[in-house]
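Here is a quick walk through a protein model for someone meeting it for the first time. Take a look at the picture, then read on.

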Amino acid sequence: MKTAAITTYGDPDVLTILDALIPEPGPSEALVAVVASTINPVDVKTRTPGTPQQVGRFPAVLGWDVAGIVITAPAGSGWTPGDRVIAMHPPQPDGAGSWQQYAAIPAAGLAPAPETVDLKTAATLPLAALTADQALTRLDLGDDEQLLVTGAAGAVGGIAVQLAAHAGIRAAGLVSRPEHESAVLGLGAASAHSNPVSAGEFDAIFDTAGVFDHPHLLREGGRLVTVSDDTIPDALEQRAGSAVHNYVQHDPRRLRELSILVDEGKLRLRVAEQYPLASIAQANRRAEAGGLLGKIVIAM
């Protein structure tokens with residue numbers, strides 16, 4: 001099979017297409033033919049030297065999202081060959097990951113792929129949706145509270161806006177450029193802003209892009225959840241009732257429920273651009289350029 005691996009830290013050119021043996025699944029694992037994965041910010045950070053994200057060994061296959069088809073599965077697991085599945089499958093200690101044509105994944109970690117979208121689109125769901133969902137759960141917003149989602153045009157932010165709207169939460173979106181405001185409104189945001197100075201003040205902020213230079217966005221005693229690795233400045237911590245980092249955890253039960261929301265038309269998935277595995281370096285360069293409305297998908 002083909003894999004896309006890094007052999008050292010560096011720019012996108014360190015990504016190399018390698019040949020590898022198809023993995024042999026363990027007793028509790030399913031063998032999945034990976035149809036598609038995605039590029040997430042964590043992949044860029046893992047490849048970049050000097051970040052908190054490090055790999056255990058080289059070569060290392062990156063990627064956190066898998067959408068594919070079950071080839072084999074343990075008896076009694078509930079999965080059969082041909083099932084369409086998704087999973088959050090981060091880089092493994094043995095160097096395996098999601099940017100490869102086959103993956104051995106714990107059968108208990110799989111969830112059904114949405115039936116109403118193709119697998120390339122379904123690959124955009126796991127990490128982004130679980131990240132957004134868990135952050136909103138941690139913020140625990142009341143009906144009368146107002147939420148600001150930063151980076152609302154991106155993959156995580158866009159899903160957060162939709163999940164908030166589905167839950168009846170009044171959410172505003174902060175974006176990096178005026179031309180993205182309409183896209184965020186189309187996802188169900190109550191308002192969209194490209195100028196943080198005039199956006200107002202909010203009871204809670206879900207930060208996917210960095211609001212640390214604009215503490216006034218959070219009301220005194222408000223709550224902040226960020227998925228950034230950056231240190232939360234003292235000025236913002238002093239203003240907030242709580243200000244915390246949140247790191248996503250795989251939850252196949254909840255991923256199954258989020259997949260159902262897609263099929264019910266309550267959660268829209270967005271593919272910004274699609275690249276073949278052979279163009280993984282080019283795809284990473286595009287991801288680093290930013291300004292995307294949705295996810296970059298890697299087709300195997």
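What follows goes from the whole chain down to single strands and residues.

## The big picture

First things first: this is a predicted model. The protein has eight helices and 16 strands, so there is a fair amount to look at, and the helix and strand runs are numbered from the N terminus. Along its principal axes, the C-alpha trace spans about 55 × 40 × 30 Å. How does the radius of gyration of the protein sit with that of a compact globule? It agrees: a compact globule of 300 residues would come out near 19 Å, and the protein has 19 Å.

Of the 300 residues, 51% count as buried. The accessible surface comes to about 12600 Å², with 51% of that belonging to carbon and sulfur atoms. The chain also brings together parts that are far apart in sequence: among contacts between residues at least 6 apart, 65% join residues at least 24 apart. As for charge, there are 21 positive and 33 negative side chains, and the centres of the two sets lie 3 Å apart.

## A little open sheet

Strands of a sheet pair through backbone hydrogen bonds, and they can do so in a parallel or an antiparallel way. One example to find is an open sheet of three strands, in the order S2-S1-S4, with antiparallel pairing. Its edge strands are S2 (15-19) and S4 (60-61), each of which pairs on one side only.

Strand S1 covers residues 2-6, and five bridges tie it to S2 in the antiparallel sense. To spot the pairing by eye, look for Ala 4, whose bridge partner in S2 is Ile 17.

## S3, S5 and S6

Now follow strand S5, residues 65-72. Five bridges join it to strand S3 (residues 29-39), and the two run antiparallel. Here Val 32 stands opposite Val 70 in S5. S5 also has five bridges to strand S6 (residues 84-88), again running antiparallel. In that pair, Asp 65 stands opposite Met 88 in S6.

Gly 68 lies in S5 too. Is Gly 68 buried or exposed? Its relative accessibility is 0%, so Gly 68 counts as buried. Leaving out neighbours within four places in sequence, Gly 68 is in contact with Val 32, Ala 33, Val 34, Val 35, Asp 83, Arg 84, Val 85 and Leu 119. Gly 82 sits 14 residues from Gly 68 in sequence, and their C-alpha atoms are 9.2 Å apart in space.

## Ala 103 in S7

Next up is Ala 103, which has its place in strand S7 (residues 102-106). With 0% relative accessibility, Ala 103 counts as buried. What does Ala 103 touch, not counting residues up to four places away in sequence? The answer is Pro 23, Ala 30, Leu 31, Val 32, Val 34, His 89 and Gly 97.

Val 70 is 33 residues from Ala 103 along the chain, and the C-alpha atoms of the two are separated by 9.8 Å.

## A parallel pair: S9 and S10

Strand S9 (residues 146-150) joins strand S10 (residues 170-174) through five bridges, and these two run parallel. Gln 146 has Arg 170 as its bridge partner in S10. Why is S9 described as largely enclosed by the rest of the structure? Because four of its five residues are buried.

## Backbone oddities

Two spots in the loops deserve a glance. The peptide bond from Phe 58 to Pro 59 is cis, with omega near -5 degrees. Pro 59 lies in the loop between helix H1 (41-47) and S4.

The other spot is Asp 140, in the loop between helix H3 (126-139) and S9. Asp 140 has a positive phi of about 50 degrees, although it is not a glycine. Its relative accessibility is 60%, so Asp 140 counts as exposed.

## Val 244 in S14

Last on the tour is Val 244, which lies in strand S14 (residues 242-245). At 24% relative accessibility, Val 244 counts as partly exposed. Setting aside residues up to four places away in sequence, Val 244 touches Arg 138, Leu 224, Val 225, Thr 226 and Ile 232. His 216 is 28 residues from Val 244 along the chain, with 17 Å between their C-alpha atoms.

Technical notes:
Residues are numbered from 1 along each chain as its sequence is written. This is a predicted model: local features need pLDDT of at least 70, side-chain atom pairs count only at pLDDT 80 or more; totals for chains, interfaces and linings use all residues. Side-chain values use heavy atoms; hydrogens and water are left out. Buried means under 20% relative accessible area, exposed over 50%, partly exposed in between (1.4 Å probe, protein chains only). Contact means heavy atoms within 4.5 Å. The radius of gyration is taken over C-alpha atoms; the globule rule is 2.2 Å times the number of residues to the power 0.38. Accessible areas come from the Shrake-Rupley method with a 1.4 Å probe; for residues, only the protein chains shown count as cover. Lys and Arg count as positive and Asp and Glu as negative; His and the chain ends are not counted. The place of a charge is taken as NZ of Lys, CZ of Arg, CG of Asp or CD of Glu. Two strands pair if DSSP finds at least two bridges between them.
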